[in-house]
Amino acid sequence: MRIAILDDWFDTLRGLPCFAKLAGHRVEVFTDHVEDDPELARRLADFDALVLIRERTTIRAALVDRLPRLRLISQRSVHPHIDVDACTRRGVLVCSNMHSDTPSWAAAELTWALVLAAARRLPENMEALRAGRWQASVGDTLRGKTLGVYGYGRIGEVVAGYGRAFGMRTLVWAREDSRRRAAAAGHAVAADKAAFFAACDVLSLHMRLNAATRGIVGAPDLALMKPDAIFVNTSRAGLVERGALVEALRRGRPGRAAVDVFETEPLQDPADPLLALPNVVATPHVGYVTAEEFDLQFSDVFDQILAFDAGRPIHVVNPEALDARRGQA
């Protein structure tokens, strides 16, 4: 098979142990990012399979229709960036392991790194030191404070455990079944959403982005937060109502934010309103970007390719595509 790996910006995958699984296949790695559908269509015209790195490239119907040779898209996790209906219509199988059995330790660790950076005001102190100044600000201790975990899934559960290790009181708000699991683990559960936002000293989002969760955090929620609270988002920017976080930070509730995700990615505009705020710690969606996490994820992605090539596809999102492919034969 001819396989294209898209958006591998640091040419990482070829250096991972799991890359050996693709031996015998013709693999081309693209280290740049292209958004233009006609240009992508020209680039990918001769490939049988695409490997996607999360949501870095959007696969629209206009692109799928221009790739008659394409038979498989292999990736890991959720797939809001893929027009699955268009793929099904064209007989393109989408395979994606939802990894429901393993948390992203890397994302949980990055979440805690952002919490610490914001609480101790590390970026401004680092900047001051490099500029020849000594101690730019006074930070905050986390011990004894309330950590809010909004969404108690695989990653939220790990982050809640980190909070406990730091001597924080953990408060959870989530779906009813998740609240029950959190309570069973010994965490406090908020009486309602408003009480949750009002009580937290640090509030971290941990849920998938879908139609039900898009914009689940709105301006009224943020306005309830303490003026010295920290809002953390390492999940998806779309969980927050568009523009609401910037406006809330300007109004002073919450007082600070630490984010790894943005409404536009890759974000390459240094004048973006969120980046321009002095009370924001920001990283460029690197929550899952570690060598260990990549090897774990792409071992699954490459297994999906091997299974497809052997005629026994796994983790199939749209099995109807098999019938569509047979009808086109």
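How are α4 and α6 oriented to each other: oblique or roughly parallel? The two helices are oblique to each other, because their angle of about 40° lies outside the range under 35 degrees that counts as roughly parallel. Please keep in mind that this is a predicted model.

**The helix pair**

Here are the two partners side by side, with the residues through which they meet.

| Helix | Residues | Contact residues |
|---|---|---|
| α4 | 105–119 | W105, A107, A108, E109, T111 and W112 |
| α6 | 154–165 | I155, V158, V159, Y162 and G163 |

The axes of α4 and α6 are 9 Å apart, and their crossing is right-handed. By character, the residues of this contact comprise 8 nonpolar, 2 polar and 1 charged.

**The nonpolar cores**

Now to the cores. The largest nonpolar core has 29 residues, and those touching the most other members are Y150, F196, L203, L222, F231, L245 and L274. At least two residues of this core come from each of β7 (169–173), α8 (193–199), β9 (202–205), α10 (244–251) and β11 (256–259). Among the contributors, α10 gives the most, with 5 residues.

F196 deserves a look of its own. Leaving aside residues up to four places away in sequence, F196 touches G148, V149, Y150, L171, V172, W173, A190 and L203. A second, separate core holds 24 residues, including V115, L147, V158 and V172. V172 is thus a member of that second core and is also touched by F196. V158, another member of the second core, is one of the α6 residues in the contact with α4.

Methods:
Residues are numbered from 1 along each chain as its sequence is written. This is a predicted model: local features need pLDDT of at least 70, side-chain atom pairs count only at pLDDT 80 or more; totals for chains, interfaces and linings use all residues. Side-chain values use heavy atoms; hydrogens and water are left out. A nonpolar core is a set of buried Ala, Val, Leu, Ile, Met, Phe, Trp, Tyr and Cys residues joined through side-chain atoms within 4.5 Å. Buried means under 20% relative accessible area, exposed over 50%, partly exposed in between (1.4 Å probe, protein chains only). Helices (H or I, at least four residues) and strands (E, at least two) are DSSP runs, numbered from the N terminus. Contact means heavy atoms within 4.5 Å. Axes are lines fitted to C-alpha atoms, for helices over the stretch in contact, and angles run from 0 to 180 degrees between N-to-C directions. Angles under 35 degrees count as roughly parallel, over 145 as roughly antiparallel, 65 to 115 as roughly perpendicular and the rest as oblique. A crossing is left-handed if the near helix is turned anticlockwise from the far one by less than a right angle, and right-handed if clockwise. Ala, Val, Leu, Ile, Met, Phe, Trp, Tyr, Cys and Pro count as nonpolar, Asp, Glu, Lys and Arg as charged, and the others, Gly among them, as polar.
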